[in-house]
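This report walks through one protein chain for a reader who works at the bench. Please keep the sequence and the structure in view while reading.

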Amino acid sequence: MAVRYGDDMVVVDCGLMFPEPELLGIDVVVPDVSFLVEHRAQLRAILLTHGHEDHIGALPFVIEDLRVPIYGTEFTLALVESKLSEHKLLDTTRLQIVKPREPFQVGSFKVEYIHVTHSIVGACAIAITTPGGVVIHTGDFKIDPTPTDNRPFDLHAFAEYGKRGVLALLSDSTNVDRRGYTPSELAVRDRFDDLFANAGAGRLYICCFTSSIHRIQLAVEMAAEYGRKVCFLGRSMENNTGHAHRLDFLHLPDGILIRPQDLRAFPRDQVTVVISGSQAEPMSALARASVNNHKHAAISEGDTVVLSSRIIPGNEKAIYRMINHLFKRGAQVVYETDSYPPVHVSGHGSQEEMKLLINLVRPRHFIPVHGEFRQLSLHARLARSLRIPNLQAHVAEDGEILEMDQNGMDRVGTAPTGRVFIDSGSMDEVAEDVIVRDRRHLAEDGIVLPILAINKATGRIQNAPEIVTSGFVSPILADGLLARARELVVESVASAGPEESGDWSLIKERIRRDLRKYLQAQTNKRPLVLPVILEV
């Protein structure tokens with residue numbers, strides 16, 4: 001999100017999204033920042049609310065084009081630093097640590113971070129005071145009355161801004177369809193206590209989001225209470241806990257931590273493994289352990305595996321497949337259900353928390369963010385139901401430019417937006433309309449390769465053509481179909497005029513056209529046809 005006044009502009013957050021199944025071979029999806037590049041002379045900073053991937057993940061892919069300072073809390077910037085270092089961008093990027101309730105100036109804006117509670121440490125809302133009024137972006141939040149780190153949601157700061165007057169509030173809409181309040185992080189403790197008490201002689205595996213330092217701290221405390229050592233397993237788990245411990249957000253009792261390679265040296269009932277892979281990512285530690293393919297984690301009968309995380313929509317199949325593998329290994333698997341006490345609680349506020357925040361801030365304009373269109377619409381309706389005098393709620397889509405003041409708001413145009421695909425392995429940008437389309441085409445209809453040797457002097461085919469297929473039709477159906485296709489290739493070359501005969505590109509196009517027409521008529525499929533001509 002960009003906030004602009006006059007010739008100054010700041011951006012709030014810079015996240016990625018993970019690809020849908022049809023985006024074959026695509027690793028991550030990042031935003032199109034061409035609007036920001038075009039107006040780079042006005043861009044003063046990127047302000048980060050917290051360190052989740054959907055808020056910081058795109059930075060390594062866009063910061064080279066933008067070249068502006070990045071502001072965030074200590075833990076957030078530790079995660080960013082790790083990403084930029086991996087992409088060799090750390091030396092050329094300025095990172096500025098900020099603290100809540102300590103305002104600073106960026107261009108014509110006065111910026112203040114406000115502490116909020118969420119499922120990651122260092123989460124903040126951002127209040128941007130412009131010459132035209134105050135804009136508050138909540139980031140992701142819930143109002144947790146009993147946070148595990150004893151740092152409560154700063155309701156007073158929001159109330160103070162509400163008294164002074166707020167031009168616009170942009171608020172998290174993720175859980176707008178949940179009534180009541182989101183349970184506190186502390187609600188998980190009772191369930192963890194029960195799981196540790198009943199783990200028996202087996203090893204206890206706890207899998208959660210690797211950025212959920214509060215949940216990891218709880219696992220460590222319970223392990224210490226029940227006399228178990230702790231092992232962190234998985235690259236992102238080891239990295240994030242390392243950052244958190246170094247910055248004093250994660251407290252580890254002396255002697256409790258053991259190395260992955262030392263796991264086998266300890267009795268199974270004396271170890272708790274805090275492991276990554278809650279969304280069953282193909283190469284994650286838990287996904288590999290579930291099929292006995294991890295060099296350190298061997299899950300066996302009598303072990304308990306706790307999935308202390310939500311199932312993100314779109315990942316259900318992969319997660320339940322992994323759970324099935326864990327059951328096959330004889331493990332007791334505990335995952336998110338409606339049971340109480342819960343094994344996982346959301347990091348996003350429910351309806352009553354949303355209403356409380358709107359009532360405290362009492363903005364002139366309310367703009368719901370962070371959600372699908374239905375969630376944004378429901379959040380706007382919720383805000384209107386509070387009947388706050390002069391409050392106007394607006395639902396905006398990506399790219400819309402909203403111009404506002406105390407008198408009202410106008411939609412004054414659109415900025416170019418879209419998705420940029422990052423290819424697996426190469427980490428290069430991929431054009432959706434070309435490469436992804438071809439990959440989808442190959443996946444659905446397969447490929448057909450007619451291979452023929454043509455005499456350069458005479459333009460005639462030397463031998464019977466070969467046709468190789470992959471992903472097209474079964475071998476049983478292919479015999480008769482391809483016999484006629486070979487004849488068709490010969491006929492296509494033979495019917496070419498004198499000028500075409502000497503131009504292989506024209507011959508290839510002729511073969512491609514005739515074969516496509518024939519194969520589509522016979523199979524109702526449109527395979528990718530790539531003729532190969534060998535000169536002899």
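## Internal cavities

The model described here is predicted. When the whole structure is searched, 2 cavities of 30 Å³ or more are found. The largest cavity holds about 90 Å³ of space, and 15 residues line it, of which Thr117, His118, Pro147, Asp149 and His214 are the closest to its centre. Sorted by class, the lining of the largest cavity consists of 5 nonpolar, 6 polar and 4 charged residues.

The second largest cavity holds about 40 Å³, and its lining is made by Ser278, Leu307, Ser309, Arg310, Ile311, Ile319, Ile323, Tyr335 and Glu336. By class, the lining of the second largest cavity divides into 5 nonpolar, 2 polar and 2 charged residues.

## An open pocket

Besides the enclosed cavities, the second largest pocket deserves a description. About 220 Å³ of space lies in this second largest pocket, and the residues that line it are Val121, Thr148, Asp149, Arg151, Leu186, Arg189, His214, Gln217, Glu221, Asp248, Phe249 and His251. Asp149 and His214, which belong to this pocket lining, are also among the residues closest to the centre of the largest cavity.

Helix α7, residues 213-225, provides the largest share of the lining of the second largest pocket, with 3 residues. By class, the lining of this pocket has 3 nonpolar, 4 polar and 5 charged residues.

## The chain as a whole

The chain has 536 residues, of which 51% are buried, and it contains 16 helices and 26 strands. Along its principal axes, the C-alpha trace spans about 90 × 65 × 45 Å. Among the contacts in the chain with a separation of 6 or more, 72% are between residues 24 or more positions apart.

## A five-stranded sheet

An open sheet of 5 strands, with mixed pairing, follows the order β1-β2-β4-β5-β6. Strands β1 (residues 2-5) and β6 (residues 95-97) stand at the edges and have a single partner strand each, so one side of each is left without a neighbour in the sheet. From one strand to the next, the twist averages 25 degrees. In general, strands of a sheet pair through backbone hydrogen bonds, in either a parallel or an antiparallel arrangement.

Strand β2 (residues 8-12) and strand β4 (residues 43-47) run parallel and are joined by 4 bridges; Met9 stands opposite Leu43 in β4, and Val10 stands opposite Ala45 in β4. Strands β4 and β5 also run parallel and are joined by 2 bridges, with Ile70 in β5 as the bridge partner of Ile46. Of the 5 residues of β4, 4 are buried, so this strand is largely enclosed by the rest of the structure.

## Helices against the sheet

Which strands does helix α3 touch as it packs on the sheet? Helix α3 (residues 59-66) touches β4 and β5 (residues 70-72), and its direction makes about 165 degrees with that of β4. Helix α4 (residues 74-86) likewise packs on the sheet, where it touches β5 and β6, and its direction makes about 160 degrees with that of β6.

Lys83 lies in helix α4. Leaving aside residues up to four places away in sequence, Lys83 touches Glu53, Ile56, Gly57 and Pro60. Lys83 and Arg268 are 185 residues apart along the chain, and their C-alpha atoms are separated by 35 Å.

## A lysine in helix α5

Lys163 is placed in helix α5, which covers residues 155-164. Is Lys163 buried or exposed? The relative accessible area of Lys163 is 75%, over the 50% cut-off, so Lys163 counts as exposed. Although Lys163 and Arg362 are 199 residues apart in sequence, their C-alpha atoms are 8.4 Å apart in space.

## A hairpin later in the chain

Strand β19 (residues 400-405) and strand β20 (residues 408-414) pair in the antiparallel sense over 6 bridges. These two strands, β19 and β20, form a hairpin that has 2 residues between them, and Leu402 has Arg411 in β20 as its bridge partner.

Conventions:
Residues are numbered from 1 along each chain as its sequence is written. This is a predicted model: local features need pLDDT of at least 70, side-chain atom pairs count only at pLDDT 80 or more; totals for chains, interfaces and linings use all residues. Side-chain values use heavy atoms; hydrogens and water are left out. Two strands pair if DSSP finds at least two bridges between them. Axes are lines fitted to C-alpha atoms, for helices over the stretch in contact, and angles run from 0 to 180 degrees between N-to-C directions. Contact means heavy atoms within 4.5 Å. On a 1 Å grid over the protein atoms alone, a cavity is a set of points where a 1.4 Å probe fits but cannot get out, and a pocket is an open set with protein on both sides within 12 Å along at least five of seven lines; lining residues have an atom within 4 Å of a point. Grid points are joined across faces, edges and corners, and a volume is the space filled by probe spheres set on the points. Ala, Val, Leu, Ile, Met, Phe, Trp, Tyr, Cys and Pro count as nonpolar, Asp, Glu, Lys and Arg as charged, and the others, Gly among them, as polar. Buried means under 20% relative accessible area, exposed over 50%, partly exposed in between (1.4 Å probe, protein chains only).
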